[in-house]
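The following note is offered to a colleague beginning the study of protein structure. Please read each point with the sequence and the model at hand.

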Amino acid sequence: MLHALLLALLCGGVAKARAQAPTPPPTGETFSLQLPADGAQEQDAQAGTVQFIGTATVIIRYQGFTILTDPNFLHKGDHVHLGYGLTSERRTNPAIRFEDLPPIDLVLLSHFHGDHFDQLVQERLNRATPIVSTKEAGERLKRLGFTRTFGMGTWDRLEVRKGAARLRISAAPGRHGPAGVAILLPTVMGSVLDFGANPDVPDYRMYISGDTLVYDDIRAIPQRFPNIDLALLHLGGTRILGVLKVTMDGKDGVRMMQVVRPKKTVPIHYNDYDVFKSPLADFAREVKAAGLEQDVVYLAHGETYTFGRTQR
Ligand SMILES: [Zn+2]
């Protein structure tokens, strides 16, 4: 049964991949989002924080913005759906409960999969929360009743304003698995966050990989967005049906660092589900072997990384 499904995935995927033209347009569309000012700008203009909640869920706070990524608040023992009747069991707890979240300006969602936007979040998240994601996820979110969704194609941008604060979110390429197979999984986007009044010379530049492998299109990211200050990399070496690798393992994570060349890297999306087959120790070993230890910040669930504005 599993082998038949695997074969169908592979064959169907390859046939569909041939029919598609994968080249993204050189520049994307620009969307805009105006958020109500709430006085938060004063408090955290200097220092920014990234708090790791678990899976790919982090809370980013900087220059008055509070951003929640890939919200996953299920607990140990709960199951998520990954499509085609496949499920996965959570092995960890989120560092905070959904009910204890601070007020959120927007959700940044790399793709619509159960371990990134789970059933609890689907039920309880306020329908008016702005959600920035892929076009495909945007359509699904609309059907769930969310009223402020931004469906982005590769290199599309969202210009966010909140009082005097500015943030540009750009959609970067991502592919959730090997060519041919990825097409049967949700479309994935990476994202680049440029904070500051001039997003072309940002005060801080952050890259979030999404569930992707390292493939040719990733090389365009550092070309368009050099000098990335911080990268949040989705690792885990996720394997579906036990064999097909659909997210980066430890070795891929180091390759991603070498391609994107961020100043600092925080690994996320590891050890949380039983389909995550590459533990954090794999990445730590590869980082050490590559001599990149000083560039990596390891956060346990609930821990926070604090950063300051970059002088350019
Ligand atoms: Zn995932």
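**Note on the predicted model**

1. Of the 312 residues in the protein chain, 46% are buried. The structure is a predicted model, and every statement below should be read in that light. The secondary structure of the chain consists of seven helices and 18 strands. Among contacts with a separation of 6 or more, 63% join residues that are 24 or more positions apart.

2. The main sheet may be considered next. Seven strands make up an open sheet, in the order 9-8-7-4-3-2-18, and their pairing is mixed. Strand 9 (149–152) and strand 18 (304–308) are the edge strands, each of them pairing on one side only. From one strand to the next, the twist averages 20°. Helix 4 (residues 135–143) packs on this sheet, where it touches strand 8 (131–134) and strand 9. The direction of helix 4 makes about 155° with that of strand 9.

3. Strand 18 has strand 2 (residues 47–54) as its partner: the two pair in the antiparallel sense over five bridges. Within this pairing, G48 stands opposite F307 of strand 18.

4. Is strand 4 (residues 65–69) enclosed or open to its surroundings? Five of its five residues are buried, so strand 4 is largely enclosed by the rest of the structure. In a regular strand, side chains alternate between the two faces of the sheet. In strand 4, F65, I67 and T69 point one way, while T66 and L68 point the other way, and all are buried.

5. Strand 4 has a partner on each side in the sheet order 9-8-7-4-3-2-18. With strand 3 (residues 57–62), strand 4 pairs in the antiparallel sense over four bridges. These two strands form a hairpin with two residues between them, and Q63 in the turn has a positive phi of about 50°. With strand 7 (residues 106–108), by contrast, strand 4 runs parallel, joined by three bridges. L68 illustrates both pairings: I59 stands opposite L68, and V107 is the bridge partner of L68 in strand 7.

6. Which residues touch the most other members of the largest nonpolar core? This core has 74 residues, and the residues in question are V58, V132, Y207 and L232. Strand 11 (residues 165–172) supplies the largest share of the core, with five residues. Leaving aside residues up to four places away in sequence, V132 touches L106, L108, L109, F150, M152, L158 and I169. As general background, nonpolar side chains tend to be buried together in soluble globular proteins.

7. Helix 6 (residues 250–260) deserves separate attention. Its buried residues are G250, D252, G253, V254, M256, M257 and V260. The cover over them includes strand 13 (204–208), helix 5 (220–224), strand 14 (230–234), strand 17 (264–268) and helix 7 (280–289). After helix 6 comes R261, whose phi is positive, near 55°.

8. How is helix 6 placed against helix 7? Their axes come within 7 Å and cross at roughly 45°. Angles of 35 to 65 degrees count as oblique, and helix 6 and helix 7 are therefore oblique to each other. Their crossing is right-handed. On the side of helix 6, the contact is made by G250, K251, G253 and V254. On the side of helix 7, it is made by D282, F283, R285, E286 and V287.

9. The loop between strand 11 and strand 12 (190–195) contains P186, and A179 lies in that loop as well. Are these residues buried or partly exposed? P186 is buried, with 20 other C-beta atoms within 10 Å; the cut-off for a buried residue is 20 or more. A179 has 15 C-beta neighbours inside 10 Å and so counts as partly exposed.

10. Both loop residues can also be placed relative to distant parts of the sequence. P186 and H111 are 75 residues apart in sequence, yet their C-alpha atoms are 6.3 Å apart in space. Not counting residues up to four places away in sequence, P186 touches H111, F112, H113, E136, A137 and H176. A179 and Y215 are 36 residues apart along the chain, and 9.2 Å separates their C-alpha atoms.

Definitions and conventions. Residues are numbered from 1 along each chain as its sequence is written. This is a predicted model: local features need pLDDT of at least 70, side-chain atom pairs count only at pLDDT 80 or more; totals for chains, interfaces and linings use all residues. A residue is buried if 20 or more other C-beta atoms lie within 10 Å of its own, exposed if 12 or fewer, and partly exposed in between; C-beta atoms are placed from the backbone. Two residues are in contact if their C-beta atoms, placed from the backbone, lie within 7 Å. Two strands pair if DSSP finds at least two bridges between them. A nonpolar core is a set of buried Ala, Val, Leu, Ile, Met, Phe, Trp, Tyr and Cys residues joined through C-beta atoms within 7 Å. Axes are lines fitted to C-alpha atoms, for helices over the stretch in contact, and angles run from 0 to 180 degrees between N-to-C directions. Angles under 35 degrees count as roughly parallel, over 145 as roughly antiparallel, 65 to 115 as roughly perpendicular and the rest as oblique. A crossing is left-handed if the near helix is turned anticlockwise from the far one by less than a right angle, and right-handed if clockwise.
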